[in-house]
Amino acid sequence: AGRCGPAARRRTVPSILRELAEKRQLSEEIVSLLQAQFSDLPRELHSWRQMADYSPEMRQFACLLHLYHIKTYDHLRKILPLPHPYSLTNWLSNNEAAAGFSSDIFLRLQEQVERGDQAYRYCAVLVQDVSLQKQQEWDPQTKRLTGFVDLGAGILDADEAPLASEAVILMAVGISSPWTAPLGYFLVNSTSGRFLAQLLRQAISKLNNVGIVVLAVTSGASALGAETARALGIRIDPRRIRCTFQHPPGSAHSITYFFDVCHALLLIRNALQCFQKVEWLGDTVWWQHMVELAALREQSVSELCSSESGRAGSKGSYHLKVNLATLLFSEGVAEALEHLQKLGLASFQNCSGTVKFVCLMSSLCDVFCGRGPCGKEPLLAGNYTKISNLFDEAKSCFVNLTDSVGRYVIKSKRKLGFLSCLLNAESLKWLSSNCTCPEGAPSHHLHTHAFSLGPLEQFLRALQQACGSSGSPTCAVFQAAYQKLLASCSLAPASPHSSGNASPWDVSLSQRRALTLGSIRAQYHPAPGRTLAPEYPYRAGLLLASSALSNALTDLSLYTQSLTCAAGWVAEQLALDLQCEACLASLFEADESRLKHRSVLYIKKLGGVSLPSASVHHITSISEQVLNRYGKVGGANKSTELWHLSLEQKVFQELLGESPLFPTLTNHLFDRELSINNHYTVLVKEITRCYLNIRTNPAQHLNLKYTCRRHKLKRLKGKPLFPSPLVSCQSS
């Protein structure tokens, strides 16, 4: 072949690929993969003339070349009779849960559209990649090696082919109705923005083919997400933002682009932490205010009140406690900073600039994340001027932010988070001005949370649970878990009450520790461990012998005090891990009249013990009754998980029919896709489990060095530890 002229070399497919590689129009890596995987392909051009006779290998070749290098594919189409790019979707689809687009999902979506269901006419497409463990495995069913790259047209299993290290997952989410549909996944060795752009265009074409119009695309706010946006034609320059791209290219249909809001906020948080101080048109935003708020120790009201008030006696039982589950960019943090400034604490003076910035970010989150009734953004309901003014204020802030030496943040290496918010603002403005969906319905019916990766991340969490491991799964494990989820996948819209007043954004964000006050405390003041004073378990009554004689001899009022103390200890333990601001606040007996939000709590403490809320006390009381009633049954191995589960079940049975618990958490009854797994029920379960665990195995859960020492609970002389039981939370 080396002796042949250029005309002769162009007569074979390998020679064309080598020529493109020499011109640097195709990478050597792709050429090597194509030559290794498709060594048996026809070399002569005339063998490719009939597409109907294309072998599976020829189809693989066409799909791989198109997804990895569209320009090369377009060039080869002038020489070979390769199909139009949007005709490749059939070759990238599979009937079962194999890699590629899921034919079954698209068929079910088409059936919904053909029934005339307007809820399925418009959607957003979400894309995200997850890491895989590189491992080659033998599949005895297919009798083939697995673990290789698979784009849906077949596994690339040549000896020189790379193993898959990532899975790219695509999902469609309803915009006017909260339905979700996993469109498929693709096993790849490395991901690029151009590759994701081609996958997205294939997904959009396939959705268009079944009658669904795509209005938006969402990716992560990362280097890969920015590269994908640019590959689609999005411009992220703050002076000339272009928030839409055309599909098909050159057509009149525009599609908006979004970066995940949660990812963007995390980048902004990192920027503030790196700069420490930023200035904005005369206002100064200090990161140290956030650090001081997160690190604020519990203080009694008497310490905080000025000496002139002189009312420590009436309020001395209350302690100020920072709610570490509070999101960093929320009204609660802004209110907390202002409140602590009014109290005169030196660390929070001159925090008006920080408060102003946090309020602005909170307002942006409200718009981006659809916080409002039924998860719909109320500001889009005819209030275009209001949100437009908010976005203009945000743009003015972001483009004028400077660091301590006067350099513009928007031009620094920490700019992506701010640019992501600006792009999202432009996309929302474009949709609210140009989009009506469904037919005749104004754009205020758009579910703005559909433009975040929240729905896809919920699916990925379920996928991780199905994999049975917290680490990266192998291809085989991933595919088995995906098949299991796909078999139980329902395309039906979630209940209109599925999220109450909290959108899926809140559920997603509440699990991101990096965006809470607790994450800041953990960075600057790592917890030394969960230690207790030696006398605390005994004061709480947790080590009282569970014998009938012991219970009979125990003073009832002392028993009630001990149970209250134990319930308070349970509340403190759960507060260390809870990532929901409302749930954490509901654990304690608090003065709710002081602050509107729950970022700062005024909890009641007596004798150094935090008093639990009435609901927590009631659950622990029922748990104690169940333990006394069923914990003495002979023949049962009390160290088994089954025995503990049986006790939990009996506690739940006792609670059924009782008066409602946690009156402030009514909305959480529906704050998950499945109401059985909402915040409300999870909280009840965790309180029960925590109490039963420490009562049945105190040495393990309290980290005590010894448990056999004699200890007598004596009534304190003078004022008792708990002057009166919590009447409101006594069991009937």
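This report looks at a few backbone features of a predicted model and at one annotated region of its chain.

In general, most residues other than glycine have a negative phi, and most peptide bonds are trans. Against that background, the peptide bond from His-247 to Pro-248 stands out, for it is cis, with omega near -10 degrees. The proline of this pair, Pro-248, sits in the loop that runs between strand 13 (244–246) and strand 14 (254–259).

Two residues other than glycine have a positive phi, namely Gln-276 and Leu-281. Their values and places are set out below.

| Residue | Phi | Place in the chain |
|---|---|---|
| Gln-276 | near 70 degrees | loop between helix 9 (261–275) and strand 15 (277–280) |
| Leu-281 | near 45 degrees | loop between strand 15 and strand 16 (283–286) |

Are these residues buried or exposed? Gln-276 has a relative accessibility of 35%, and because partly exposed covers values between the 20% and 50% cut-offs, Gln-276 is counted as partly exposed. Leu-281 has a relative accessibility of 59%, which is over the 50% cut-off, and therefore Leu-281 counts as exposed.

Further along the chain, the UniProt record, an unreviewed entry, places the annotation "domain: Transposable element P transposase-like RNase H C-terminal" on residues 449–482. In the model, the chain over residues 449–482 is 65% helix and 0% strand, and the C-alpha atoms at the two ends of this stretch lie 24 Å apart.

Notes. Residues are numbered from 1 along each chain as its sequence is written. This is a predicted model: local features need pLDDT of at least 70, side-chain atom pairs count only at pLDDT 80 or more; totals for chains, interfaces and linings use all residues. Side-chain values use heavy atoms; hydrogens and water are left out. UniProt positions are given in the numbering used here, feature names are shortened, and annotations may be inferred rather than shown by experiment. Helices (H or I, at least four residues) and strands (E, at least two) are DSSP runs, numbered from the N terminus. Buried means under 20% relative accessible area, exposed over 50%, partly exposed in between (1.4 Å probe, protein chains only).
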